[in-house]
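The following note was prepared for a colleague's review of the structure shown below. The numbered points address interfaces and selected residues in turn.

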Amino acid sequence: MEELAHRWSFRGLQPVMLIGELLGGIGLLVYEVLRCIRRRWEGSLIMAQMEHIGVRSLSIVILTAVFTGMVLALQMGSYLSRFGARPYVGRILALTMLRELGPVLTGLVIAGRVGSGITAELGSMNVTEQIDAMRSMGINPVQKLVFPRMVALMVMLPLLTVLADFVGVLGGLFTSVLELNVSGSFFLRSIIQFMRFGDLFSGLGKSFFFAFSIAMIACYNGLQAEGGADGVGRATTKTVVMSSITILVSDFFLTKLFLLL
Amino acid sequence: MESPGFIHCRNLFRSFGEKAVLRGVNLTVEQGETMVILGGSGTGKSVLLKHMNGLIDPDSGDVFVDGLEISHLGEDELREVRKKVAMVFQGSALFDSLTVAENVAYPLYEHAALSLDGLRDRVEEVLSLVDMEGDGGLYPAEISGGMKKRAALARALALSPRCLLYDEPTTGLDPVMTQRINRLIRDVQRKLGVTSVVVTHDIESAFAVADRLAFLQEGQIRFVGTREETKATSDLALHEFLHGV
Ligand SMILES: Nc1ncnc2c1ncn2[C@@H]1O[C@H](COP(=O)(O)OP(=O)(O)OP(=O)(O)O)[C@@H](O)[C@H]1O
Ligand SMILES: [Mg+2]
């Protein structure tokens, strides 16, 4: 009986312990990365990562944003017409893109495309002892591998988000003009008059946070990967799941926070 | 505290989960000697070797390198130790995004204040030590396992370390290359006074390079002795390991 109770309580505690371990591990990595700020910034490594992370994600980000903007305008147009509120389509669309969908969709796309790539790369370096080899030469892998990826993500994700906002609105403009008979100049003018910088910045604030989360989760899972190709595969999946959840959940709280400010 | 030898392991314990791999290892490697660690597969030779440059921390016990206790040091404090102690990994562990020459240049670039020409010369020099002069431009994916071993050795030699840790440097090499690597290990030790620790399965090359041999079994060092003492051992397990009966 006692043994049974012991086993049950152990089982019950295990997920809690696992989450604790995870948060502890990521916390430690964050601490080590922050310590790198005061060291030498290696421009070439950061630039290479920016190219890798940012430039090569352009097409998928643009594609996602254009179609999101287009479909949003379409949906809203038909719905708003019922209230005779069709002229508002531009403003609502811009607000949705800038404050919400721009950062979140770009975050999710980058988590899937870049986060998984980082985990796979660092993970295979780890299982083939390349990370250990680095350490054995007295070279800090956090400084050489994690830090440049984090900086690159934190620069590129907000930039990609701005681009997504812009392209999304353009997509909306396209459908509004063609399908909803809203005049293009009115669409743009109403947006420019109505939007405030706060709307853009709240989206950018989110994307900074998302970039940092994706970088930390992806690097942590990569550095923890063990057990060959199989382990790297599992770590990669974990990164996509964990960073998507983090983006979606933190988005709610960040929205709450930015609305209070 | 004074510690004997260049590397001194005192009462090391290390487990992975339930599995106790090291169970009280005591071993002293003298300055300038070549110590060979023998032991069956999975007995923890690689794990023991990785304690000697702080890649793995013991659960309990101490590791002294050149008089400094390293098992409690952080990554940054280990930097200086690791410049002195280079390691050749069992699986080579070359950076596969870099060419062979860039792999060899990497530790030099990070730690040695060399001009670009000086860097190139040094890379050529160590590559020629392992017979790989013309192969610097190849990527690790393009070379054979034996060449990877040699490239990894070149990378470890690049900084002229005071101590070298070899994890099975000759496994998978042909007999001629095995001989060459054995001779290289001897040469480096004789000419530069390098302290070496060599983990190997290969009895022949063990006797070719060793000043002393240690036998790891069941998480402990069961035997330490010179070549002659090892050959004349009365330890049954070691005798069986050496002669296969
Ligand atoms: N990071 C790790 N996590 C879990 N177990 C480990 C880890 N590293 C080593 N082990 C375990 O420790 C034991 C000893 O491993 P080690 O690699 O030191 O063996 P070895 O003596 O070098 O064997 P071989 O001659 O085959 O290389 C193995 O049983 C292995 O399962
Ligand atoms: Mg081994």
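1. A residue is called buried here when its relative accessible area is under 20%, and this is reckoned with a 1.4 Å probe on protein chains only. Lys144(A) has a relative accessibility of 6% and therefore counts as buried. The model is a predicted one, and the values below should be read accordingly.

2. Where does Lys144(A) lie? The residue belongs to helix 6 of chain A, which comprises residues 141–180. Beyond its neighbours within four places in sequence, Lys144(A) is in contact with Glu42(A), Leu45(A), Met134(A), Ile139(A) and Arg149(A), and also with Tyr106(B) and Glu110(B). The contacts of this lysine thus include residues of chain A and of chain B.

3. Which residue forms a salt bridge with Lys144(A)? The partner is Glu110(B), and the closest N and O atoms of the pair are 2.7 Å apart. The side chains of Lys144(A) and Glu110(B) are likewise joined by a polar contact of 2.7 Å.

4. The interface of the two chains may be described in full. Contact involves 18 residues of chain A and 22 residues of chain B. The size of an interface is often given as the accessible area lost when the parts come together. For chain A and chain B the buried area is about 1,700 Å², with 48% of it on carbon and sulfur atoms. Of the area that chain A buries against chain B, Arg135(A), Ser136(A) and Met137(A) supply 35%, more than any other three residues.

5. Polar interactions between the chains were also counted. There are six salt bridges between chain A and chain B, together with nine residue pairs in polar contact, both residues of each pair being at pLDDT 80 or more. On the side of chain A that touches chain B, helix 5 (residues 130–136) gives the most, with six residues. By class, that side of chain A has five nonpolar, five polar and eight charged residues.

6. Within chain A, the domain assignment gives domain 1 as 1–35 and domain 2 as 44–260. Their C-alpha centres lie 30 Å apart. Eight residues of domain 1 of chain A are in contact with eleven residues of domain 2 of chain A. The area buried between these two domains is about 840 Å², and carbon and sulfur atoms give 89% of it. Ile26(A), Leu29(A) and Val33(A) supply 60% of the area that domain 1 of chain A buries against domain 2 of chain A, more than any other three residues.

7. How many salt bridges does the rule find across the interface of domain 1 and domain 2 of chain A? The number is zero. Residue pairs in polar contact, with both at pLDDT 80 or more, also number zero across this domain interface. The side of domain 1 of chain A that touches domain 2 of chain A has five nonpolar, one polar and two charged residues.

8. A final point concerns Thr200(B), which is found in the loop between strand 8 (195–199) and helix 7 (203–209) of chain B. Is Thr200(B) buried or exposed? Its relative accessibility is 2%, so Thr200(B) counts as buried. A polar atom of its side chain lies 2.9 Å from the backbone nitrogen of Asp202(B). Leaving aside neighbours within four places in sequence, Thr200(B) is in contact with residues including Val36(B), Ile37(B), Leu38(B) and Gly39(B), as well as Glu168(B) and Thr170(B). Ser205(B) and Ala206(B) are also among the residues in contact with Thr200(B).

Definitions and conventions:
Residues numbered from 1 in each chain as written. Chains lettered and ligands numbered in written order. Predicted model: local features only at pLDDT ≥ 70, side-chain atom pairs only at ≥ 80, totals over all residues. Heavy atoms only, no water. Helix = DSSP H or I, 4+ residues; strand = E, 2+ residues; numbered from the N terminus. Buried < 20%, exposed > 50% of the residue type's maximum accessible area, 1.4 Å probe, protein only. Polar contact = N/O pair within 3.5 Å; in protein donor to acceptor, adjacent residues only side chain to side chain. Contact = heavy atoms within 4.5 Å. Domains from an automatic or database assignment. Buried area = accessible area lost by both parts, 1.4 Å probe. Salt bridge = Lys/Arg side-chain N within 4 Å of Asp/Glu carboxyl O. Nonpolar A, V, L, I, M, F, W, Y, C, P; charged D, E, K, R; others polar.
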